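Here are some worked exercises to try with the model open beside you. Have a go at each task before you read its solution.

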Amino acid sequence: MTFGALAVPSRRQLLQTLRSAAAPMDAAALAAATGLHPNTVRFHLDVLIRTGFVSESSDRQGRRGRPRTVYEPTTAGAHDTGYALLATVLVDHLDSTGGGDAARDAGRAWAQRLRPIRADRSGDMHDTAGTVAALFTELGFQPTVTTSGGDTRITLHACPFWSLAEDHPGIVCAVHLGLLQEIVELGSRSTIEARLTPFVRPRQCQADLVAAGA
């Protein structure tokens with residue numbers, strides 16, 4: 001999913017640098033402008049290109065030899081600003097009207113649209129945790145999974161909606177809770193419960209999967 005590409009701050013920094021530039025830039029110029037290592041710049045550029053935020057082209061600049069590769073933002077990538085504004089308006093409204101329950105319902109509806117659950121899933125803790133981890137990886141949360149005593153903890157190291165969650169945790173985190181709970185209930189046939197603890201550390205949240213009724 002394209003918004004997962006912007007979950008990493010370095011990629012947002014690169015994209016903003018390109019959008020602010022008067023002309024396409026090469027990897028060396030981007031590294032100098034952002035302070036990132038050139039190899040890191042190239043890695044992130046590959047992701048931004050695959051997800052449609054950046055395009056690459058060759059530029060000889062009237063010189064002999066191998067042309068340099070330059071990068072520029074795409075018009076499709078620029079549309080994310082409009083989506084961000086719309087999200088801010090909606091979240092502001094929900095927060096001002098006590099819309100936490102509505103936000104959680106929206107998260108559950110989101111899960112129903114995604115429906116990554118296969119009919120042949122066993123519904124056990126391992127399969128359910130794997131489904132959650134795969135989904136949240138795709139969404140850009142950078143999850144890691146640990147197990148202890150039959151329960152599973154999924155640490156979410158990043159949030160692609162951090163700027164909104166920081167100002168409106170009661171709404172944004174409620175959406176994520178609804179998404180998490182619906183995915184877990186669908187995958188485990190309601191034998192597993194999901195709990196979400198926001199901000200256990202700065203920019204880090206924690207999802208716990210436990211046997212229902214525990």
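The exercises below go from the whole chain to single helices, a cavity and a loop.

**Ground rules**

This is a predicted model, where local features need pLDDT of at least 70, side-chain atom pairs count only at pLDDT 80 or more, and totals for chains, interfaces and linings use all residues. Residues are numbered from 1 along each chain as its sequence is written, and side-chain values use heavy atoms, with hydrogens and water left out.

**Exercise 1. Describe the chain as a whole.**

Step 1: Take the secondary structure. The chain has 9 helices and 7 strands, where helices (H or I, at least four residues) and strands (E, at least two) are DSSP runs numbered from the N terminus.

Step 2: Turn to burial. Of the 214 residues, 39% count as buried. Buried means under 20% relative accessible area, exposed over 50%, and partly exposed in between (1.4 Å probe, protein chains only).

Step 3: Look at contacts, meaning heavy atoms within 4.5 Å. Among the contacts in the chain with a separation of 6 or more, 57% join residues 24 or more positions apart.

**Exercise 2. Check the length of helix H3 (residues 38–50) and find its buried side.**

Step 1: Work out the expected span, which is 1.5 Å times one less than the number of residues. For the 13 residues of H3 this gives 18 Å, and the end C-alpha atoms are 18 Å apart, which agrees.

Step 2: List the buried residues of H3: Val 41, His 44, Leu 45, Val 47 and Leu 48. They cover an arc of only 160 degrees around the axis, so they sit on the same side of H3. The arc is that of the directions from the helix axis to the C-beta atoms.

Step 3: Turn to the face of H3 that points away from the buried side, where Asn 39 and Arg 50 are exposed.

Step 4: Ask what covers the buried residues of H3. The cover includes helix H1 (9–20), helix H2 (27–34), strand E2 (54–59) and strand E3 (68–73).

Step 5: Look past the end of the helix. H3 is followed by Gly 52, with a positive phi near 90 degrees.

**Exercise 3. Repeat the analysis for H2.**

Step 1: The buried residues in H2 are Ala 27, Leu 30, Ala 31 and Thr 34. Their arc around the axis is only 100 degrees, which puts them on the same side of H2.

Step 2: On the other side of H2, Ala 28 and Ala 32 are exposed.

Step 3: The buried residues of H2 pack against H1, strand E1 (25–26), H3 and E3.

Step 4: Gly 35 follows H2 and has a positive phi, near 80 degrees.

**Exercise 4. Decide how enclosed helix H9 (residues 169–188) is, and inspect His 176.**

Step 1: The 20 residues of H9 should span 28 Å at 1.5 Å a residue, and the end C-alpha atoms are 27 Å apart, which agrees.

Step 2: Because 16 of the 20 residues of H9 are buried, this helix is largely enclosed by the rest of the structure.

Step 3: His 176 lies in H9 and counts as buried at 7% relative accessibility. Leaving out residues up to four places away in sequence, His 176 touches Trp 110, Phe 136, Phe 141, Cys 159, Phe 161 and Leu 196.

**Exercise 5. Characterise the largest cavity.**

Step 1: Fix the rule. On a 1 Å grid over the protein atoms alone, a cavity is a set of points where a 1.4 Å probe fits but cannot get out, and lining residues have an atom within 4 Å of a point.

Step 2: The count comes to 1 cavity of 30 Å³ or more, and about 100 Å³ of space lies in the largest cavity.

Step 3: Its lining includes Phe 141, Ala 158, Trp 162, His 176 and Cys 205. Helix H8 (162–167), H9 and strand E6 (192–201) each supply at least two lining residues.

Step 4: Ala 158 is in the loop between strand E5 (151–156) and H8. The C-alpha atoms of Ala 158 and Cys 205, 47 residues apart along the chain, are separated by 8.1 Å.

**Exercise 6. Find positive phi values after H9.**

Step 1: Recall the background. Most residues other than glycine have a negative phi.

Step 2: Arg 189, in the loop between H9 and E6, has a positive phi near 55 degrees. At 52% relative accessibility, Arg 189 counts as exposed.

Step 3: Ser 190 is found in the loop between H9 and E6, with a positive phi of about 65 degrees although it is not a glycine.

Terms used:
On a 1 Å grid over the protein atoms alone, a cavity is a set of points where a 1.4 Å probe fits but cannot get out, and a pocket is an open set with protein on both sides within 12 Å along at least five of seven lines; lining residues have an atom within 4 Å of a point. Grid points are joined across faces, edges and corners, and a volume is the space filled by probe spheres set on the points.
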